[in-house]
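Me: I would like to go through the labels attached to this structure and ask what each of them rests on.

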Amino acid sequence: IISALETTVDPNGDGNLADHHDVVNMSLGGLAVAEDPLVAAVDAVVNAGVVVVVSAGNSGPGGDRDCRKGSGFDGFDSVCSPAVSRNVISVGATYKREYQGKYWLDQDPPVDLVTSFSSRGPVFNVEGLIHRSLLKPDIVAPGAIICSSRYDSIYPVGTSPYYFPCNGDEQHVQIAGTSMSAPVVAGAAALLLEAHPEWVPQQVKYALRNSAEDVAQHPYLQGYGRMNVQAALAQPAVLIAQLEEATVADQTLRMIGTLDGAGLARYDLSYTVSASYVDAGSAEFTSFFSQPISAPANHAVLFDGAFDWLRLGNAELLFKLRVVGGNGSQSTEVMPVRVTNYELLEPQNNDVRRLGDRIDLKGRVAAGYDYRFDYGVGEHPTDWRTDGITLTREGLKLATWDTAKLGASGMYTVRLGASY
């Protein structure tokens with residue numbers, strides 16, 4: 001795969017990259033790893049001037065587990081590599097029309113619903129108590145029940161409830177996946193480059209993102225929305241809003257990003273709690289900063305001021321950067337930030353300890369918080385006790401639990417609570 005990517009940058013191998021390909025579609029992916037070589041490869045290709053479009057993956061709650069992180073029971077944080085790259089256009093899957101019946105986990109899915117198999121974002125990078133990340137996928141496009149070219153005699157009638165020959169012949173088959181969505185977007189990217197051959201990959205990406213239709217689903221599912229190529233072609237200018245860093249020190253927030261494009265007028269910053277999207281397609285964002293701008297800013301400090309993290313407890317926030325142009329055009333970028341003001345580190349799930357042991361309860365609790373431990377019998381206790389627990393707060397050691405007080409062996413659940 002990497003060799004093929006390198007060929008797209010220099011097709012004839014003469015060292016002159018002027019003849020690089022314009023668009024690459026990658027309907028593939030796998031579990032992302034640290035220092036992922038495939039991510040490094042696609043980043044190099046984009047930097048050479050090639051637009052790279054990648055399927056987000058099929059590891060949503062109704063899909064496979066190939067790219068799920070952790071327990072992966074809910075399908076979030078399941079975007080595959082190399083779709084996790086900031087530089088590529090990562091694509092999730094929607095239904096192209098309304099259907100009757102059950103498809104994967106979707107009952108009577110309407111048009112533009114993100115499929116239950118489509119991989120969910122975000123892509124998290126952990127840094128102590130603050131977990132900042134990328135919003136992925138970037139956009140979504142039709143990828144369910146697509147009539148496509150057929151390999152050999154794959155999926156004869158009766159072998160799958162969803163997949164079977166289509167188009168009235170044996171050369172096409174109805175299939176699904178983000179591998180179907182990605183080439184739709186790759187085709188749109190080609191149309192944009194045909195209209196604007198001078199555009200670089202980042203402009204193509206933001207033209208598609210800025211013009212995408214909000215289909216009223218959580219950003220972790222829809223990204224910036226469902227692709228609208230006609231709106232992308234009709235944009236008067238392409239603005240770029242990019243959040244790159246969010247750094248916390250005490251009760252302050254420092255945000256760094258890039259603003260680019262012609263006719264910049266102002267930018268603003270706002271936030272909401274991610275959970276507010278669960279039961280609705282949109283959420284109210286609270287604005288906390290706005291400023292005029294007339295010239296591009298590259299990796300610049302966009303905000304450096306007070307922000308009360310402690311009052312949030314444990315929460316997942318969505319920070320939104322929006323830049324607006326004088327002609328009404330705009331661009332947004334959302335950065336998910338997971339705030340953990342308290343967490344239990346040890347013991348871990350299903351740890352086995354001897355009855356009578358004195359167990360150190362370890363974790364992290366932010367300054368200014370009062371905390372408590374209690375425990376109960378079984379996986380889902382209804383009665384919680386504190387006898388035998390002594391609070392200590394010595395580095396990561398927050399308490400000691402004397403299990404001799406239990407009286408009987410068995411499964412117990414320990415929980416950490418905190419208040420500010």
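The exchange below takes up the disulfides, a small set of strands and some backbone angles in turn.

Reply: This is a predicted model, in which local features need pLDDT of at least 70 and side-chain atom pairs count only at pLDDT 80 or more, while totals for chains, interfaces and linings use all residues. Residues are numbered from 1 along each chain as its sequence is written, and side-chain values use heavy atoms, with hydrogens and water left out.

Me: What makes Cys 67 and Cys 80 a disulfide?

Reply: A disulfide is counted when a pair of cysteine sulfur atoms lies within 2.5 Å. The sulfur atoms of Cys 67 and Cys 80 are 2.0 Å apart, so the pair satisfies that limit. Cys 67 and Cys 80 both belong to the loop between β2 and β3, 13 residues apart; helices (H or I, at least four residues) and strands (E, at least two) are DSSP runs, numbered from the N terminus.

Me: Why is the disulfide of Cys 67 and Cys 80 called right-handed?

Reply: The torsion about its S-S bond is about 105°, and the disulfide is therefore right-handed.

Me: Why is Cys 147 called partly exposed, and is Cys 166 buried or exposed?

Reply: Buried means under 20% relative accessible area, exposed means over 50%, and partly exposed is in between (1.4 Å probe, protein chains only). Cys 147 has 40%, so it is partly exposed, whereas Cys 166, at 10%, counts as buried. A disulfide joins these two cysteines, with an S to S distance of 2.0 Å, and it links Cys 147 in strand β9 to Cys 166 in the loop between β10 and β11.

Me: How do you know that β9 pairs with β11?

Reply: Two strands pair if DSSP finds at least two bridges between them. There are 4 bridges joining β9 to β11 (residues 172-175), so the condition is met, and the two strands run antiparallel. One of the bridges has Ser 148 with Val 173 of β11 as its partner. The open sheet has 3 strands in the order β9-β11-β10, and β9 (146-149) and β10 (164-165) are its edge strands because each pairs on one side only.

Me: Why is Asn 350 called exposed, and what is its phi?

Reply: Its relative accessibility is 68%, which is over 50%, so Asn 350 counts as exposed. Its phi is positive, about 65°, although Asn 350 is not a glycine, and its place is in the loop between β19 (342-346) and β20 (358-365).
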